[in-house]
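Biologist: Hi, I'm new to this one. Could you pull it up and walk me through it?

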Amino acid sequence: MNIRAIIAEDELVARRSISAMAKAYGIEVLAECKDGEEAIKSLQTYRADVLFLDVQMPGIDGFGVLDGVRPETVPAVIFTTAHDQYAVRAFEHHAVDYLLKPFDEERFRRAVDRIQLHVGKTSNQGELITRLIGELNRAIQGHNSPERLVVRSRGQVEFVRVDEIDWIEAAHNQVKIHIGRDIFLLRQTITEVSARLQPDKFLRIHRSLIVNVDRIRRLESCGYGEYLVVLHDGKTLSLSRGYRGQLDRFVDGLVVSWGSNTSGIVSTPSDPSE
């Protein structure tokens, strides 16, 4: 399958790199554009299958390029940018992929695979978006404690700040993230999510529950080593006996951090069953 491409990228090194990788995979590069104006002219001149589009360019930015041409002349779009905050708008423009710089040849190859599926009209948009969310999360979570997560909500793709999360619950092979009254779905297991969160900020209190410690108001004993964790909004969550040790270590850490001044610390209520 012969794929023809236009590259719109203001940085010369990045433009040449994308062009070289594209040609290595047999893609015919019709034009290399250094700004939005050149990209619009190329889209009006050539009939391309894919547009590799940077977002931040001098003059007309990437979204301005898409708005500046007739919709029927816009090929499949792969956004290439160092900024993840544009992902939602990119999906709204039906992006086939979103390459977060710096990306390597393996990540570029996966983008090419998606283009081949798209050109062949065999891709499923829902499945595609799910895969893109996974790619974005892996890129954003390149360190152990991500500040944001990419999730699906009511047919949209959204970024949520980790510190805004109230609690998380397992739901089969995915998790439900609770932020106030909103619920977001993330296709990861609760064990995978727990491993990425800061242990001093999020506690695993049950095999299917994680809670933001800043949201905990009090603990209520249920007997036999189990407690209810009461959040500030009144929501109650079960603290199972098997995860009691994690809570104890957390409370001990608070006491140590306060030093000898523990007048503001309320100890864990004693359990009559123990």
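Modeller: Sure, one term to begin with: on a 1 Å grid over the protein atoms alone, a pocket is an open set of points where a 1.4 Å probe fits, with protein on both sides within 12 Å along at least five of seven lines, and lining residues have an atom within 4 Å of a point. This is a predicted model, where local features need pLDDT of at least 70, side-chain atom pairs count only at pLDDT 80 or more, and totals for chains, interfaces and linings use all residues. Residues are numbered from 1 along each chain as its sequence is written, and side-chain values use heavy atoms, with hydrogens and water left out.

Biologist: OK, how much space lies in the largest pocket?

Modeller: About 540 Å³, where volume is the space filled by probe spheres set on the points, and points are joined across faces, edges and corners.

Biologist: Which residues are the closest to its centre?

Modeller: P71, T73, V74, P75 and A76, out of 22 lining residues. The elements giving two or more residues to that lining are α2 (36-45), α3 (62-67), β4 (76-81) and α5 (105-119). Helices (H or I, at least four residues) and strands (E, at least two) are DSSP runs, numbered from the N terminus.

Biologist: Switching topic: how many helices and strands does the protein have?

Modeller: Eight helices and 15 strands.

Biologist: And V211, is that buried or exposed?

Modeller: Buried, because its relative accessible area is 0%; the cut-off for buried is under 20%, with a 1.4 Å probe and protein chains only. V211 lies in strand β12 (residues 209-212).

Biologist: What does V211 touch, leaving out residues up to four places away in sequence?

Modeller: D166, W167, K201, F202, L203, I205, I216, L231 and L237, where a contact means heavy atoms within 4.5 Å. One of those, K201, is 10 residues from V211 in sequence and 8.5 Å away in space, C-alpha to C-alpha.

Biologist: How much of the protein is buried overall?

Modeller: Buried residues make up 44% of the 274.

Biologist: Last thing: what pLDDT does the protein average?

Modeller: It averages 79, and 76% of the residues score at least 70; pLDDT is the predictor's confidence in each residue, from 0 to 100. Among the elements, strand β2 (residues 28-33) has the highest mean, 96, and helix α6 (residues 125-140) the lowest, 53.

Biologist: Where does pLDDT stay under 50?

Modeller: Over residues 260-274. Where pLDDT is low, the predicted coordinates should not be read in detail.

Note on methods
Buried means under 20% relative accessible area, exposed over 50%, partly exposed in between (1.4 Å probe, protein chains only).
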